[in-house]
Amino acid sequence: MSALRQRIIEIIRQEGPISVERYMALALGDPQHGYYMTRDPFGASGDFTTSPEISQMFGELIGLWCADLWLRAGQPPISLVELGPGRGTLMSDVLRATKAVTGFHDALQVTLVEMSPVLSDIQKRTLGQAHPHIEWATTIATLPEKPTIILANEFFDALPIRQFQKRNQAWHECLIGVDDDSLVFGLAQEPMRMSGPGGSEGDILEYAPISETIMRDLARHLVQFGGAGLIIDYGYTQSGFGDTLQALKAHEFVNPLETPGEADLTVHVNFESLELAARESGARAHGPITQAELLDRLGIDTRVETLIRKASPQQANDIRKARERLIEPTTTGMGHLFKALAISSNDWPTPAGF
Ligand code: SAH
């Protein structure tokens, strides 16, 4: 049994059943055994692959998205913030693609918000000399007080959520308890006083208070100092019912309660609630649109052609395949399931692609 599973069982035996939110926070972020705290989960030999790991084109196009915004915003000194940078691949591609934009790198201060010591070490190695002003932070609490561009790819899906299930006309919080030596799902006995969400017997309702709080804080920061943000993730654009908690290990779905700390645990992002949180805090929201629409509008096909011109037949094939994985709107492709939401302050231009 994993060390963390044993620890969670002990916590539940002492304190009683825990919420899905607490379970996710422990499974992903426990300082000693949490999934992200102990490993590099990306790539073919890891548990999952993300867009920047599939192709450099993703980060390059986002780099040009940033530089274009900065130019149209009047070229101010700028703080570029990435939330949950993984291996640092996206930022590395962003910085490389924008090197030739006159003045951009000189205006930049880069902040990587990362809770994992293992991943921030890898980011330091990836980014090496990519820019003279790169800092690391573990939360968004102390972002530089100046115009800001925020990037977040597959960050919000890793933030803990609460779940509720409708039973006997009332919503009960989903809890995790212990049966023999196994972790099992159950429901709180006391119903929640919730008005409004409707739903039928057995429906699951997800609520992401941590994501909403982070979104509100980011939006307030942009409103105060000027700037924009780009959030890309898998998720849905209209609130609804359904259980989206999933665990991935070695690219296969596994039971989320089986191996906490050893499998990636994610949820689908509720883009409607993120958009509302941003608007409520005074920011403008653009989209959400699909990842396919965004990359298409930012010119992925032109980038493919340019790269292919200098590529071997094998490399050209790989580039075409990567393009497909990033933008194909099939059920398994990222083009449809992945959405992009932009937010901005009123005094900044509308971001490219939206
Ligand atoms: N953006 C990267 C990695 C996505 S995985 C990519 O696209 O490849 C999620 C990332 O968010 C990891 O770097 C993880 O350590 C980080 N993360 C998860 N929860 C976090 C939190 N609460 N605070 C800061 N970083 C977090």
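Which residues are the closest to the ligand, and how many surround it? In this predicted model, 16 residues surround the ligand, and the closest are Thr50, Gly84, Gly86, Glu114 and Asn153. By character, that shell divides into 8 nonpolar, 5 polar and 3 charged residues. As for location, the ligand sits in the largest pocket.

Let me turn to the polar contacts. Thr50 places a polar side-chain atom 2.6 Å from an oxygen atom of the ligand. Gly86 contributes through its backbone: an N or O atom there lies 3.0 Å from an oxygen atom of the ligand. With Met115, the ligand takes part through a nitrogen atom, which is 3.3 Å from a polar backbone atom of that residue. How much of the ligand does the protein bury? Taken alone, the ligand exposes 570 Å², and the protein buries 93% of that area.

I now move to the aromatic rings. A pair of aromatic rings is described by the distance of the centres and the angle of the planes. The count for this model comes to 6 aromatic pairs, and I shall present two examples.

One of them is formed by Phe42 and Phe48, with 5.1 Å from centre to centre and 70 degrees between the planes. This pair is edge-to-face. Are these two residues buried or exposed? Both Phe42 and Phe48 are buried.

The second example concerns Trp171 and Phe241. Why is this pair stacked? The ring centres of Trp171 and Phe241 are 5.7 Å apart and their planes stand at 20 degrees; because planes under 30 degrees apart count as stacked, the pair of Trp171 and Phe241 is assigned to that class.

Thank you for your attention.

Terms used. Residues numbered from 1 in each chain as written. Predicted model: local features only at pLDDT ≥ 70, side-chain atom pairs only at ≥ 80, totals over all residues. Heavy atoms only, no water. Near = heavy atom within 4 Å. Polar contact = N/O pair within 3.5 Å; in protein donor to acceptor, adjacent residues only side chain to side chain. Areas by Shrake-Rupley, 256 points an atom, 1.4 Å probe, with all protein chains shown as cover. 1 Å grid on protein atoms, 1.4 Å probe; cavity = no way out; pocket = protein on both sides within 12 Å on 5 of 7 lines; lining within 4 Å. Sits in = over half its atoms within 2 Å of the grid points. Nonpolar A, V, L, I, M, F, W, Y, C, P; charged D, E, K, R; others polar. Phe/Tyr/Trp six-rings, centres within 6.5 Å; stacked < 30°, edge-to-face > 60°. Buried < 20%, exposed > 50% of the residue type's maximum accessible area, 1.4 Å probe, protein only.
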